[in-house]
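Hi everyone, thanks for making time. I'd like to walk you through a structure that may be new to you, so have a look at it first and then we'll go through it together.

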Amino acid sequence: MNMAVWAATQAAWDLGWRVLGVREGFTGLLRGDFLELNPAETLRYARLGGTFLGTSREPDFSAKVPRAVARLEEAGATHLLVLGGNGSLAGAAKLAEAGFPVVGIPCTIDNDVAGSEESIGFDTALNFALFVLDGMRDTAEALPRLFALETLGGDTGFLAAAVYAAGGGDALLVPEEPLGLDGIAAGLREALERQRYAVVVASEGYPDLLGVLGGLEETLSLRLRPTRLGHAQRGGRPSGHDRLLARGLAQRAVKALTWGEAGVLGVWDGRYRLLPYRDLAPRKPWTPGAWGVAR
Ligand code: F6P
């Protein structure tokens with residue numbers, strides 16, 4: 001996200017615009033917490049994970065939209081870029097409905113924004129998980145166990161599915177497709193015969209994940225060694241792919257604002273696509289991805 005902030009700031013400066021950042025997302029917007037941004041200062045953050053602006057989860061933002069618009073107008077803002085996941089983009093849609101020109105950019109490691117194949121942060125979070133999974137496999141080849149890697153992802157499995165596919169997991173547990181214990185155990189038994197260890201990749205939102213993993217440990221009579229990536233997966237140095245995605249989306253989003261367009265700017269079939277807010281589905285249809293993990 002920091003890369004997107006820098007690229008948007010640079011693109012807007014090139015147009016002679018003044019750029020304001022909003023501290024702490026919608027919560028900061030509601031209290032009018034703005035700061036002046038310039039390309040030199042924002043570039044210093046572009047290589048860092050997270051967002052130097054800070055973020056928030058503002059409950060019931062739609063009821064507070066008039067206040068948010070008032071704060072923007074008081075600050076002299078004429079256009080807004082919203083970087084975030086489904087909640088933030090729904091907020092952006094409400095601001096647009098109220099007549100404020102807003103373009104949204106999908107930024108979430110969950111990659112669950114409908115209408116976009118990609119979101120900023122997903123690739124970095126995937127690579128973080130792969131680093132850990134590769135290490136688990138080094139250990140597993142020497143010391144066979146039942147390994148489990150729990151990824152973030154909220155109540156979705158897009159991130160876990162990518163980790164599973166790119167890391168060569170033996171079982172994938174995602175909330176969209178809960179499986180019976182016997183079915184999972186059968187797949188893991190095959191892996192154990194083949195390689196003496198097995199790796200389960202699970203999304204944090206899988207129902208009763210700890211119970212299921214405990215059940216597998218018992219059924220397979222093998223020591224379980226679980227690793228939970230937790231919130232560390234939301235950070236770390238952004239990957240090259242994410243930086244390019246952020247730069248491209250931010251530059252294109254600034255152009256969209258100058259053209260008077262509004263909506264969520266995503267990537268579709270490898271091309272940028274601006275989806276009007278009214279066409280944005282609240283939930284991305286589940287697909288494990290085009291990575292050969294269809295079951
Ligand atoms: O939605 C992005 C995400 O990183 C999820 O993967 C994760 O469950 C959540 O945010 C963590 O945020 P919080 O601490 O607010 O639950």
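Let me start with a small puzzle: does D170 count as buried or exposed? Keep that in mind for a minute, and remember as we go that this is a predicted model.

Okay, the answer. At 16% relative accessibility, D170 counts as buried, because the cut-off for buried is under 20%. Its side chain meets that of R194 in a salt bridge, 3.4 Å from N to O. R194 sits in helix α8, residues 181-195, while D170 is in the loop between α7 and β6, so the pair ties together parts that are 24 residues apart in sequence. And R194, at 56% relative accessibility, counts as exposed. So here we have a buried residue, D170, paired with an exposed one, R194.

Let's step back and look at the whole chain. It has ten helices and ten strands. Along its principal axes, the C-alpha trace spans about 65 × 35 × 35 Å. The radius of gyration is 21 Å, which agrees with the value near 19 Å that a compact globule of 295 residues would have. Of those 295 residues, 48% count as buried. The accessible surface comes to about 13900 Å², and 52% of that belongs to carbon and sulfur atoms. One more number on the fold: if you take contacts with a separation of 6 or more, residues 24 or more positions apart account for 70% of them.

Now to a sheet. Find the open one with four strands, in the order β6-β7-β5-β8, with parallel pairing. Its edge strands are β6 (171-173) and β8 (224-228), each pairing on one side only. Neighbouring strands here are turned by 20° against each other on average, ignoring direction. Inside the sheet, β5 (residues 146-151) and β7 (residues 198-203) run parallel and are joined by six bridges. Two helices to look for as well: α6, residues 122-142, lies across β5, β7 and β8 and runs at about 175° to β5. Then there's α7, residues 158-167, which packs on the sheet, touching β5, β6 and β7, with its direction at about 160° to that of β7.

Let's zoom in on one residue in that sheet. T151 lies in strand β5, and its bridge partner in β7 is S203. How accessible is T151? It counts as buried, at 1% relative accessibility. Leaving out residues up to four places away in sequence, T151 has contacts that include L159, A160, V163, V201 and L229.

Last topic, back to charges. Side chains of opposite charge can pair when their charged atoms come close. The count of salt bridges comes to twelve. One of my picks is R18 with E36, whose closest N and O atoms are 2.6 Å apart. R18 is in the loop between α1 (2-14) and β1 (19-22), and E36 is in strand β2 (residues 34-37), so this pair ties together parts 18 residues apart in sequence. R18 is exposed at 57%, whereas E36 is partly exposed at 48%.

The other pick is D33 with R31, at 2.9 Å between the closest N and O atoms. D33 counts as buried at 18%, and R31 as partly exposed at 43%. Both belong to a network of salt bridges that links R23, E24, R31 and D33.

That's my tour, thanks for listening!

Definitions and conventions: Residues are numbered from 1 along each chain as its sequence is written. This is a predicted model: local features need pLDDT of at least 70, side-chain atom pairs count only at pLDDT 80 or more; totals for chains, interfaces and linings use all residues. Side-chain values use heavy atoms; hydrogens and water are left out. Two strands pair if DSSP finds at least two bridges between them. Axes are lines fitted to C-alpha atoms, for helices over the stretch in contact, and angles run from 0 to 180 degrees between N-to-C directions. Contact means heavy atoms within 4.5 Å. Buried means under 20% relative accessible area, exposed over 50%, partly exposed in between (1.4 Å probe, protein chains only). The radius of gyration is taken over C-alpha atoms; the globule rule is 2.2 Å times the number of residues to the power 0.38. Accessible areas come from the Shrake-Rupley method with a 1.4 Å probe; for residues, only the protein chains shown count as cover. A salt bridge is a side-chain nitrogen of Lys or Arg within 4 Å of a carboxyl oxygen of Asp or Glu.
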